[in-house]
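The following exercises are to be worked with the sequence and the model open side by side. Each task is followed by a solution in steps.

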Amino acid sequence: MSPTIANSFPVSVVSSSSQDRPAVQSAASRAYAHVKERLLDGRFPGGTLLSENALARELGISRTPLRQAFGQLEAEGLVELYPRRGALVVPISASEADDVHEARELIECHCARRAAEAGADLTAQLEEAIAAQERALSSAGVGFARADRAFHRAIVAAAGNALLARSYDALADRHQRIAATTVARDPSRIERFIAEHRAITAALAAGEAEQAAELLREHLGGARALARRRA
């Protein structure tokens, strides 16, 4: 029963912990977004130990919401928690990278054949993604992996198969991390990736389904070979 005051109107009691909860959740969401962005774009490479204290100071938050963010990232397989120390960024293994590339090749090459009928809308999306990749050239590759992901995702979406698109999206974070790692190993490779993207775009714009699929297969194979190289 709610406590009352003299005029007998009920007064609800809100605990300080429930008042603080939205702020904690907001801080945890901010910490999650901050760390995940850097995990996916390669600024936090595999094997890095992320310090609770350092990140909390950087973000201006307490360690509690940061631990919540780390917990969510651990559930996604991106980090491994070290109590009272922080979180270790889980490296992408060679076998995992091979599995991702194999799945991408199966899905993307099929979708490229279908996407050759998509027309000008797809061409515009691909050119926009390429422009973003070119901007990454002036920032040591930062932002390239995200734009690369957008380029390939546009081709899959243009095929019009929602089930394949959902399967592809399940690979998205791994795709972006692998791309970021690959670029970090050889930033000069960005220009070649962009040239290959332009060739794929031209084939799709011309309605050359088999050529687009073959160019995409070669492009993915080259990226796979580079990803296998040791840093």
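**Exercise 1.** In the hairpin of E2 and E3, which residue takes a positive phi, and how many residues stand between the strands?

*Solution.* The model is a predicted one. Begin with the connection: three residues lie between the strands of the E2 and E3 hairpin. Arg-84 belongs to the loop between E2 and E3. Next, read the backbone angle: the phi of Arg-84 is near 65 degrees, which is positive although the residue is not a glycine. For comparison, most residues other than glycine have a negative phi. The residue of the hairpin sought here is therefore Arg-84.

**Exercise 2.** Determine whether Arg-84 counts as buried or exposed.

*Solution.* The cut-off for an exposed residue is over 50% relative accessible area. Arg-84 has a relative accessibility of 72%, so Arg-84 counts as exposed.

**Exercise 3.** Describe the pairing of E2 with E3, and find the residues that stand opposite Glu-80 and Leu-81.

*Solution.* Strand E3 covers residues 86–89, and its pairing with E2 is antiparallel, over four bridges. Starting from Glu-80, the bridge partner in E3 is Leu-88. Moving to Leu-81, the residue opposite in E3 is Ala-87.

**Exercise 4.** What is the strand order of the sheet, and which strands form its edges?

*Solution.* The three strands form an open sheet in the order E1-E3-E2, and the pairing is antiparallel. Strand E1 (49–51) and strand E2 (79–82) each pair on one side only, and these are the edge strands. Averaged over the sheet, neighbouring strands are turned by 30 degrees against each other, with direction ignored. Helix H2, residues 52–59, packs on the sheet and touches E1 and E3. The direction of H2 makes about 55 degrees with that of E1.

**Exercise 5.** Place the sheet within the protein chain: how many helices and strands are there, and in what order do the elements run?

*Solution.* The count gives ten helices and three strands. Read from the N terminus, the order is α-β-α-α-β-β-α-α-α-α-α-α-α. For the chain as a whole, 39% of the 231 residues count as buried. Among contacts with a separation of 6 or more, 70% come from residues 24 or more positions apart. Finally, the protein chain exposes about 12,500 Å², of which carbon and sulfur atoms supply 52%.

Definitions and conventions:
Residues numbered from 1 in each chain as written. Predicted model: local features only at pLDDT ≥ 70, side-chain atom pairs only at ≥ 80, totals over all residues. Heavy atoms only, no water. Pairing = 2+ DSSP bridges. Helix = DSSP H or I, 4+ residues; strand = E, 2+ residues; numbered from the N terminus. Axes fitted to C-alpha atoms, helices over the stretch in contact; angles between N-to-C directions. Contact = heavy atoms within 4.5 Å. Buried < 20%, exposed > 50% of the residue type's maximum accessible area, 1.4 Å probe, protein only. Areas by Shrake-Rupley, 256 points an atom, 1.4 Å probe, with all protein chains shown as cover.
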